[in-house]
Amino acid sequence: MSATPNNIGVSADTGTSTPTEISDEEPPVRISIDIVAAARRHIAFLRVVDESEWLHHESNMLESIRRYDELWMPLISDLTEGSTTPVILPPFDVQWVWYCHTLNPVSYRRYCESRFSKMIGKPTIFDEENEDYAVMRCKGIWVQKYPTEPFENELDSDSQYPDVRNEDLLIEMKKQRLLKRYKRFLCILQKFADGCPRLVPAADISLLWLTHLSYPTIYAGDMEIEDIARKMVGVWEKVMEEEVGATRKLWESIYNQPYEKAGGQVIMDLGDVVSIKPPWEVSNCDEHTKYKSVMPRFLLEVCVHVRHNPTKVMQENAKKKFLRLRVMRCHRELKMDKPFCSFPSDSWQKTWHLYCEFGTKGIVLDLRLRGGRFKGSSSKDMVAVLWNDLLRSPSLTLESKLDQQVRVVVSITPPAQAPYLFKCVPDRVTDDSGAMISDVVLKMNNYRPQEGRWLSRTVLDHAGRQCFVFRMRVAGGIWRRGGETPSTVKREDRIIEIREGSWSYLAGTIGRVPVAEKVVGTATPREPPDHQTAAWCFSTGDELTIHWELPPSTAAGLSFSLQNQACPDSSQMKLLKGRKLQYQTKKPNSLKEKGKQSMNNGQEVDEDDDDEGFLTLVRFTEENPIGRATALLNWKLLVVELLPEEDAVLALLLCVSILRSVSEMRKEDVGSLLIRRRLKEAKQGTRDWGSVVLHPSCSSDISSPHLQPWHWNAMAVTAAASNGADNFTKQPAFTYSPVEGGDKLYKRGIIA
């Protein structure tokens, strides 16, 4: 067998190792609705519900139930003729009550038949435009029928709670805080579930089931309601481990495929089924399309299930064999091995569960044998599974065989836009024009001295691409041998600017920053109100105030205030110290123990100290009154993670301004601003930042910080290749030319 980086082959005597699609055999189950299209609208509906905090206030819930029970259901009943459902939709709060009610189909059918002597169905509307039309049509009918009742829920928070006549509906509301697999699951329920524990739906099946339930007349026509309810665990019910195990075993015995897949796991937490959320926040907009130098990140979830064929295994070699997983690009040093003997023959084992950037291209599965003529191990068979091949598969799943001994099923979720990652690395000093201080530039300028001195930093994205260059003005004037030297400028003139784009290199590593027209943000220091405060004005319209308590030895005494002139209400945006909301560190116990034993300069580091330098940017809106974290900053390391909806320029200005102020406050170089040369980085593609992240269920096997969320061990992940974790705390022994200005000049401009 031969294998090259661009063409991975397989051994000739083992047949093909090309991934194959899972069988397309259609289960004999009827579903009288385009349930995939309905599921898309279902997700959009639930997202709005999640963002509408007011829906879940007790008084609003009670008023919504009253409106549903007394107004909406009689109205829709009068308009329903036979099995034809009118194409109208009620106000959103009533839609939510209606949705919750339909999730208990037995109760809903009894309610409709006892009160209206018929089932009340829901219109099948799968696009936003028709939804808006249906709501507006309903509003016209509502106003005519109920002239004294407002169409929208206008209950004040101080109003008296309405009486509740339907206690069961209130309970259902409080409980509620892709197609082929769904059909297969229903087929199991109808034909094979008798005598078994209740079956537990995986996340993707549960989504389609809830969508199906929310159309009660269609669901009633398709299913035997009481029978299904008896055999299946509801989304709000307690889950027993034996029920999960029985579901997996039954599915595997019937379909000979793993029950769970990427995006379709059964997750248990203290006995409850947990709603599935991606490891990143989903954004509906991207503020960075205006920056041509910024490329979006896309992540997909990957699950690899393995099972060996007991009739083909050579027992004498079983202990020497192992299966290795690699990614094709972006993280070439990644090698995850699993011993062959750990794979079961009677069930599928979820061997790897990870998140990969789409740029990794795919994974390589390599069956290897230890020993032999060569040291280490030799490959027996391998197969490459490409993301594009998986995306072309209708089920996003492919199956492969390795050496006729191992069956492997790989599944993914569709790529989704992920948060942006930026880090700032040191670069050469530049002059007022943006050119690096160098003899090359001096010669190009006919030996006219370069005026002004600016500290420069290059902003790299997750793949090491140059996106921005920011500069901090330190000194003015020129350097002339035996004569003039640059001198520090006044404090109010020590501005910070950010330019979009990359360096234009003139010769080797000597270059110029992007042109002045590419300036996308500035920060200007302003006179603070007292000696324990620093203040900055940003070109974005925001003002940052930093206050500290004496003595300023740590960041514990720091407090931050961020205000926008266009939105003077300070509650619109806040900077919270530490990693908050979705950025809170939730390490597995094994990793927590390792973190407590981590060493820095020979001293033990307390895990609580890891939060120093971290700030969480939280925005408050009408849709998110409790706040939504849009960015995580580490001003000490100059590292940023932000959602696509948050502006990178604001986040970078915040980082640099805070670092400048804290360095001045402490009278020390807190963030290695005195380094004035580019440090050696890991070679691109070796272990690109954030290219592969292990799911928490797999993180205990490998302790590499590069396979964990970067903010779990920020210093190790973002450190340069040459100096490891000490890179940000120890300055390398660079030799700087006197033309650039000595350390004293930059200490006066940054620290003094």
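Is Arg666 buried or exposed? With a relative accessible area of 13%, Arg666 counts as buried, where buried means under 20% relative accessible area, exposed over 50%, and partly exposed in between (1.4 Å probe, protein chains only).

A word on the ground rules. The model is predicted, so local features need pLDDT of at least 70 and side-chain atom pairs count only at pLDDT 80 or more, while totals for chains, interfaces and linings use all residues. Residues are numbered from 1 along each chain as its sequence is written, and side-chain values use heavy atoms, with hydrogens and water left out.

On confidence, the protein chain averages a pLDDT of 79, pLDDT being the predictor's confidence in each residue, from 0 to 100. A score of at least 70 is reached by 79% of the residues. Two stretches stay under 50: residues 270-277, with 14 contacts beyond four places in sequence, and residues 721-731, with 25 such contacts. Contact here means heavy atoms within 4.5 Å.

Zooming out, the protein chain has 18 helices and 32 strands; these are DSSP runs numbered from the N terminus, with helices (H or I) of at least four residues and strands (E) of at least two. Of its 752 residues, 51% count as buried. The accessible surface of the chain comes to about 34,900 Å², and 49% of that belongs to carbon and sulfur atoms; the areas come from the Shrake-Rupley method with a 1.4 Å probe, and for residues only the protein chains shown count as cover.

Helix H4 makes a handy geometry check. Its twelve residues (105-116) should span 16 Å at 1.5 Å a residue, and the end C-alpha atoms are indeed 16 Å apart; the expected span is 1.5 Å times one less than the number of residues. Buried positions in H4 include Pro105, Tyr108, Cys112 and Phe116. Just after the helix comes Ser117, whose phi is positive, near 60 degrees.

Next, the interior. A nonpolar core is a set of buried Ala, Val, Leu, Ile, Met, Phe, Trp, Tyr and Cys residues joined through side-chain atoms within 4.5 Å. The largest one has 57 residues, of which Phe422, Phe468, Leu544, Leu575, Leu633 and Ile658 touch the most other members. Helix H16 (residues 648-666) supplies the largest share of this core, 13 residues. Leaving out residues up to four places away in sequence, Leu633 touches partners including Leu575, Phe614, Val639, Leu654 and Cys655. Apart from this core lies another, of 40 residues, among them Ile33, Ala38, Leu210 and Val244.

As for charged pairs, a search of the whole structure finds 27 salt bridges, each a side-chain nitrogen of Lys or Arg within 4 Å of a carboxyl oxygen of Asp or Glu. Back to Arg666, then: its closest N and O atoms with Glu612 are 3.0 Å apart. Arg666 lies in helix H16 and Glu612 in the loop between strands S28 (603-604) and S29 (614-619), so this salt bridge ties together parts that are 54 residues apart in sequence. Glu612 is partly exposed, at 30% relative accessible area.

Arg324 and Asp337 also pair up, at 2.8 Å from N to O. They link strand S7 (residues 321-327) to strand S8 (residues 336-339), 13 residues apart. Arg324 is buried at 13% relative accessibility, whereas Asp337 is partly exposed at 33%. Finally, Glu63, Arg66, Glu70 and Glu149 are linked in a network of salt bridges.
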